[in-house]
Amino acid sequence: MPCATLQTKLLCGDFTSSALSVEKARDCEQPGRGGAYSLVTSSSLICSSTKSYTVVRLSNTQLITEKMETTSNVSNGAGLVYDEKEETLGPEDLSEMLAAGTKEVHEKAENTQFVKDFLRGRIRKELFKLGAVALYYTYTAMEEEIERNKDHPHFAPLYFPAELHRHEALARDLKYFYGPEWQSQISCSQATQCYVDRIHQVGQEDPVLLVAHAYTRYMGDLSGGQVLKKVAQRALKLPPTGEGLEFYQFDAIHSAKTFKQLYRSRMNELELDIETKKRLVNEAVKAFQFNMEVFEELEEIGKTIQEDVLDAGMPVHGAMGGDISKCPYYAAKTAASGGTAYVCQLAMAVLRHPTGQVLFATWFAALAGLAAWYLM
């Protein structure tokens, strides 16, 4: 039996609309005969059976159909249903070309000093805030262009605003860090502005290249971004309720791994020739380079920030609470390089430690006893 008609209710028959139409969803059966209709949200109709099912997603004036084999179906985000079946990928699949083509620049980005310090928990709070500002301008530009091109045939299948869009979450993070008047306290840096300008350029002149920017940012946020969230929360002692870190929280995605599989599958199904795929790889490399330029800019700004602005890093020193200055070994090591400041630091580190306090008290008592004996 053919699948349903979605008008104001579900009816048996062809899938039609007063303004739109798509192919019949194949292998769908009537309710009660082994299959089921499920109206998941106002923008998604899932028709499933024991053999296969078709996802019909309404995106304003465009309907996108996607046939998938039924395995273990997962409901995720704004009613989107998809499976976890592994795909067999070839070297000319877009996701594979992007992964291979950006591997080198990806590794360079991960090895910038800013990122390495971040991963070690050496986070300057002011730099973290400035990083959030850069992300806010970047995502605002990207999501403006995504909205502009959401019906473009080369981007519509990747349009997941409820699941992915970040600029509103970043606005809440900036309000947490800067207060209610945050918008008057931030500005777009030079490196970030170059990134923003490029995003607007491709969105207006060559929208297919938006795929590269969305891939670079969103897939990274769902991967390494989750590690950075934990590091930042611990090092900056941010609330466990998530304030200041909403950027990293994807409430509409219940399984990052499964969603990334879906996103890559959608990319691979885009009807693109090999030359366009190569252009997308080149654009993704540019996106990584823009990100590295922002990291390098933040690193330079960090050199001008006073040490008292530094927040405690990751608690890698056990009971020291993450403050490396409290570690006697660190203080002794720096003292070896000379300078009264280091000697003072060593003394303070020793006095903070319980064992050091006992030794100091014992030494002081012995000295007092010796002085008393001498005076007698």
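How much space lies in the largest cavity? In this predicted model, the largest cavity holds about 30 Å³, and the count of cavities of 30 Å³ or more comes to one. Its lining is formed by Ile146, Phe155, Leu158, Tyr159, Phe160, Pro161, Leu164, His165 and Tyr218. Of these lining residues, eight are nonpolar, one is polar and none is charged. His165 is the polar member, because Gly and the residues outside the nonpolar and charged sets count as polar.

Two of the lining residues, Leu164 and Tyr218, also appear in the description of the largest nonpolar core. This core comprises 70 residues, and those with the most contacts inside it are Phe128, Leu164, Tyr218 and Tyr263. The greatest contribution to the core comes from helix H4, spanning residues 125-148, which supplies eleven residues. Leaving aside residues up to four places away in sequence, Tyr218 is in contact with Tyr139, Met142, Glu143, Ile146, Leu164, His165, Arg166 and Tyr263. Among these partners of Tyr218 are Ile146, Leu164 and His165, each of which lines the largest cavity as well.

Confidence varies along the chain. The average pLDDT is 72, and 58% of the residues score at least 70. Over residues 1-79 the pLDDT falls below 50, although the model places 184 contacts in this stretch beyond near neighbours in sequence. Residues 308-346 likewise remain under 50 in pLDDT, with 56 contacts beyond four places in sequence. Predicted coordinates should not be read in detail where pLDDT is low.

Key. Residues numbered from 1 in each chain as written. Predicted model: local features only at pLDDT ≥ 70, side-chain atom pairs only at ≥ 80, totals over all residues. Heavy atoms only, no water. Core = buried A, V, L, I, M, F, W, Y, C linked by side-chain atoms within 4.5 Å. Buried < 20%, exposed > 50% of the residue type's maximum accessible area, 1.4 Å probe, protein only. Helix = DSSP H or I, 4+ residues; strand = E, 2+ residues; numbered from the N terminus. Contact = heavy atoms within 4.5 Å. pLDDT = per-residue confidence, 0-100. 1 Å grid on protein atoms, 1.4 Å probe; cavity = no way out; pocket = protein on both sides within 12 Å on 5 of 7 lines; lining within 4 Å. Points joined across faces, edges and corners; volume = space filled by probe spheres on them.
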